[in-house]
Amino acid sequence: MTRIRLQSWESCIDDCLRSIELDTTTANMKGYYYLAQAQLALKHPNEALNSALTAYDQCLKTHSSSTRNVSELVLQAKKEKWEAQERERIRRRSSLLRELEDALQRMKRTELRTVDVAYQGREDSTDAREEREEMEDTWRRKIEELRSVFALADPINLSPRVQSLKPSNILDYYEP
(Lines give C-alpha, C1' and ligand atoms only; values in the text may rest on other atoms or scores of the structure.)
Protein backbone atom coordinates (compact mmCIF):
# COMPACT_ATOMS: atom_id res chain seq x y z
CA MET A 1 0.00 0.00 0.00
CA THR A 2 2.89 2.35 0.70
CA ARG A 3 4.16 1.92 -2.84
CA ILE A 4 0.72 2.88 -4.19
CA ARG A 5 0.74 6.07 -2.12
CA LEU A 6 4.26 6.79 -3.36
CA GLN A 7 3.07 6.01 -6.91
CA SER A 8 5.88 3.52 -7.30
CA TRP A 9 3.82 1.45 -9.71
CA GLU A 10 6.41 -1.03 -10.96
CA SER A 11 7.51 -1.86 -7.41
CA CYS A 12 3.88 -2.17 -6.36
CA ILE A 13 3.24 -4.65 -9.16
CA ASP A 14 6.30 -6.67 -8.15
CA ASP A 15 5.14 -6.73 -4.51
CA CYS A 16 1.59 -7.73 -5.44
CA LEU A 17 2.73 -10.52 -7.74
CA ARG A 18 5.07 -11.80 -5.04
CA SER A 19 2.26 -11.66 -2.46
CA ILE A 20 -0.08 -13.56 -4.79
CA GLU A 21 2.64 -16.11 -5.49
CA LEU A 22 3.30 -16.68 -1.77
CA ASP A 23 -0.35 -16.87 -0.73
CA THR A 24 -1.76 -19.65 -2.91
CA THR A 25 -3.99 -21.30 -0.34
CA THR A 26 -6.20 -18.36 0.67
CA ALA A 27 -7.93 -15.63 -1.24
CA ASN A 28 -5.55 -12.74 -1.80
CA MET A 29 -8.11 -10.07 -2.66
CA LYS A 30 -5.92 -7.17 -1.56
CA GLY A 31 -3.01 -8.33 -3.68
CA TYR A 32 -5.20 -8.41 -6.79
CA TYR A 33 -6.88 -5.13 -5.83
CA TYR A 34 -3.60 -3.25 -5.47
CA LEU A 35 -2.24 -4.97 -8.56
CA ALA A 36 -5.21 -3.71 -10.57
CA GLN A 37 -4.72 -0.17 -9.25
CA ALA A 38 -1.06 -0.17 -10.25
CA GLN A 39 -1.85 -1.64 -13.66
CA LEU A 40 -4.43 1.09 -14.29
CA ALA A 41 -1.93 3.74 -13.29
CA LEU A 42 0.52 2.30 -15.84
CA LYS A 43 -2.20 2.36 -18.54
CA HIS A 44 -2.63 -1.42 -18.75
CA PRO A 45 -6.44 -1.65 -18.64
CA ASN A 46 -6.71 -5.24 -19.92
CA GLU A 47 -4.47 -6.62 -17.21
CA ALA A 48 -6.07 -4.35 -14.62
CA LEU A 49 -9.51 -5.64 -15.53
CA ASN A 50 -8.38 -9.25 -15.11
CA SER A 51 -6.83 -8.47 -11.73
CA ALA A 52 -9.85 -6.47 -10.57
CA LEU A 53 -12.25 -9.23 -11.63
CA THR A 54 -10.18 -11.78 -9.71
CA ALA A 55 -10.30 -9.54 -6.63
CA TYR A 56 -14.06 -9.12 -7.12
CA ASP A 57 -14.61 -12.87 -7.36
CA GLN A 58 -12.64 -13.36 -4.16
CA CYS A 59 -14.68 -10.65 -2.43
CA LEU A 60 -17.88 -12.44 -3.35
CA LYS A 61 -16.57 -15.79 -2.15
CA THR A 62 -15.46 -14.39 1.21
CA HIS A 63 -18.38 -11.96 1.63
CA SER A 64 -15.87 -9.15 2.07
CA SER A 65 -16.91 -5.66 3.08
CA SER A 66 -14.60 -4.37 0.32
CA THR A 67 -16.87 -5.63 -2.46
CA ARG A 68 -18.14 -2.15 -3.27
CA ASN A 69 -14.64 -0.67 -3.61
CA VAL A 70 -13.51 -3.59 -5.74
CA SER A 71 -16.59 -3.36 -7.96
CA GLU A 72 -15.87 0.34 -8.51
CA LEU A 73 -12.34 -0.62 -9.55
CA VAL A 74 -13.77 -3.21 -11.97
CA LEU A 75 -15.97 -0.51 -13.53
CA GLN A 76 -13.05 1.88 -13.77
CA ALA A 77 -10.94 -0.80 -15.47
CA LYS A 78 -13.78 -1.59 -17.90
CA LYS A 79 -14.14 2.11 -18.69
CA GLU A 80 -10.42 2.55 -19.31
CA LYS A 81 -10.33 -0.60 -21.44
CA TRP A 82 -13.25 0.70 -23.51
CA GLU A 83 -11.58 4.11 -23.89
CA ALA A 84 -8.32 2.47 -25.02
CA GLN A 85 -10.20 0.39 -27.60
CA GLU A 86 -12.04 3.50 -28.79
CA ARG A 87 -8.77 5.44 -29.16
CA GLU A 88 -7.32 2.57 -31.18
CA ARG A 89 -10.42 2.38 -33.37
CA ILE A 90 -10.26 6.10 -34.12
CA ARG A 91 -6.53 5.89 -34.80
CA ARG A 92 -7.04 3.00 -37.20
CA ARG A 93 -10.00 4.68 -38.85
CA SER A 94 -8.02 7.84 -39.51
CA SER A 95 -5.08 5.97 -40.99
CA LEU A 96 -7.44 3.81 -43.05
CA LEU A 97 -9.14 6.89 -44.44
CA ARG A 98 -5.75 8.37 -45.30
CA GLU A 99 -4.65 5.16 -47.03
CA LEU A 100 -7.87 4.92 -49.02
CA GLU A 101 -7.71 8.56 -50.10
CA ASP A 102 -4.10 8.08 -51.21
CA ALA A 103 -5.08 4.97 -53.20
CA LEU A 104 -7.91 6.86 -54.90
CA GLN A 105 -5.56 9.73 -55.76
CA ARG A 106 -3.06 7.30 -57.30
CA MET A 107 -5.81 5.67 -59.38
CA LYS A 108 -6.99 9.09 -60.50
CA ARG A 109 -3.47 10.12 -61.59
CA THR A 110 -3.09 6.84 -63.52
CA GLU A 111 -6.35 7.39 -65.39
CA LEU A 112 -5.49 11.01 -66.16
CA ARG A 113 -2.10 9.96 -67.56
CA THR A 114 -3.91 7.43 -69.76
CA VAL A 115 -6.08 10.24 -71.16
CA ASP A 116 -3.01 12.44 -71.73
CA VAL A 117 -1.23 9.64 -73.60
CA ALA A 118 -4.33 8.85 -75.69
CA TYR A 119 -4.73 12.47 -76.84
CA GLN A 120 -1.04 13.27 -77.14
CA GLY A 121 -0.09 14.79 -80.49
CA ARG A 122 -3.63 15.69 -81.50
CA GLU A 123 -4.32 19.25 -82.48
CA ASP A 124 -7.83 19.43 -81.03
CA SER A 125 -7.45 19.23 -77.25
CA THR A 126 -11.12 19.99 -76.50
CA ASP A 127 -11.98 16.29 -76.24
CA ALA A 128 -9.01 15.64 -73.98
CA ARG A 129 -9.88 18.60 -71.74
CA GLU A 130 -13.54 17.50 -71.48
CA GLU A 131 -12.57 13.91 -70.68
CA ARG A 132 -10.05 15.11 -68.07
CA GLU A 133 -12.69 17.34 -66.45
CA GLU A 134 -15.18 14.48 -66.40
CA MET A 135 -12.60 12.18 -64.78
CA GLU A 136 -11.59 14.84 -62.27
CA ASP A 137 -15.26 15.28 -61.32
CA THR A 138 -15.81 11.51 -61.00
CA TRP A 139 -12.77 11.06 -58.75
CA ARG A 140 -13.69 14.13 -56.69
CA ARG A 141 -17.13 12.57 -56.05
CA LYS A 142 -15.57 9.22 -55.11
CA ILE A 143 -13.28 10.87 -52.57
CA GLU A 144 -16.16 12.92 -51.16
CA GLU A 145 -18.26 9.77 -50.86
CA LEU A 146 -15.44 8.00 -49.05
CA ARG A 147 -15.12 10.91 -46.62
CA SER A 148 -18.86 11.00 -46.02
CA VAL A 149 -18.89 7.26 -45.24
CA PHE A 150 -16.17 7.78 -42.66
CA ALA A 151 -17.97 10.84 -41.28
CA LEU A 152 -21.13 8.76 -40.80
CA ALA A 153 -19.12 6.19 -38.88
CA ASP A 154 -17.87 8.90 -36.51
CA PRO A 155 -19.54 8.67 -33.06
CA ILE A 156 -20.56 12.34 -33.20
CA ASN A 157 -22.76 11.61 -36.22
CA LEU A 158 -24.29 8.33 -35.05
CA SER A 159 -28.00 7.92 -34.42
CA PRO A 160 -29.37 9.14 -31.05
CA ARG A 161 -29.79 5.58 -29.71
CA VAL A 162 -26.14 4.75 -30.27
CA GLN A 163 -24.97 8.20 -29.17
CA SER A 164 -26.70 7.70 -25.80
CA LEU A 165 -24.42 4.71 -25.14
CA LYS A 166 -21.65 6.72 -23.58
CA PRO A 167 -18.86 4.83 -21.80
CA SER A 168 -20.63 5.00 -18.42
CA ASN A 169 -23.66 3.21 -19.92
CA ILE A 170 -21.65 0.76 -21.98
CA LEU A 171 -19.84 -0.61 -18.96
CA ASP A 172 -22.96 -2.45 -17.86
CA TYR A 173 -23.18 -4.23 -21.20
CA TYR A 174 -19.50 -4.81 -21.88
CA GLU A 175 -18.24 -8.36 -21.48
CA PRO A 176 -14.47 -8.73 -20.95
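Here's a quick briefing on a few cysteines, two loop residues and one helix residue. Keep in mind that this is a predicted model. The structure has zero disulfides, and two loop residues, Lys43 and His63, have a positive phi without being glycine.

**Cysteines and disulfides**
- A disulfide is a covalent bond between the sulfur atoms of two cysteines.
- For Cys12, the closest cysteine sulfur belongs to Cys16, and at 4.0 Å that's too far for a bond.
- The cut-off for calling a disulfide is sulfur atoms within 2.5 Å, so the 4.0 Å between Cys16 and its closest cysteine sulfur, in Cys12, doesn't qualify.
- Cys12 is buried, with a relative accessible area of 4%, and Cys16 is buried too, at 7% relative accessibility.

**Positive phi in the loops**
- Most residues other than glycine have a negative phi.
- Lys43 goes the other way, with a positive phi of about 60°; you'll find Lys43 in the loop between helix 3 (29-41) and helix 4 (45-62).
- Lys43 counts as exposed because its relative accessible area is 63%.
- His63 also has a positive phi, near 55°, and sits in the loop between helix 4 and helix 5.
- At 72% relative accessibility, His63 is exposed.

**Thr67 in helix 5**
- Thr67 is part of helix 5, which covers residues 67-118.
- Its relative accessibility is 18%, so Thr67 counts as buried; the cut-off for buried is under 20%.
- Setting aside neighbours within four places in sequence, Thr67 touches Tyr56, Cys59 and Leu60.

Key
Residues numbered from 1 in each chain as written. Predicted model: local features only at pLDDT ≥ 70, side-chain atom pairs only at ≥ 80, totals over all residues. Heavy atoms only, no water. Helix = DSSP H or I, 4+ residues; strand = E, 2+ residues; numbered from the N terminus. Buried < 20%, exposed > 50% of the residue type's maximum accessible area, 1.4 Å probe, protein only. Contact = heavy atoms within 4.5 Å.
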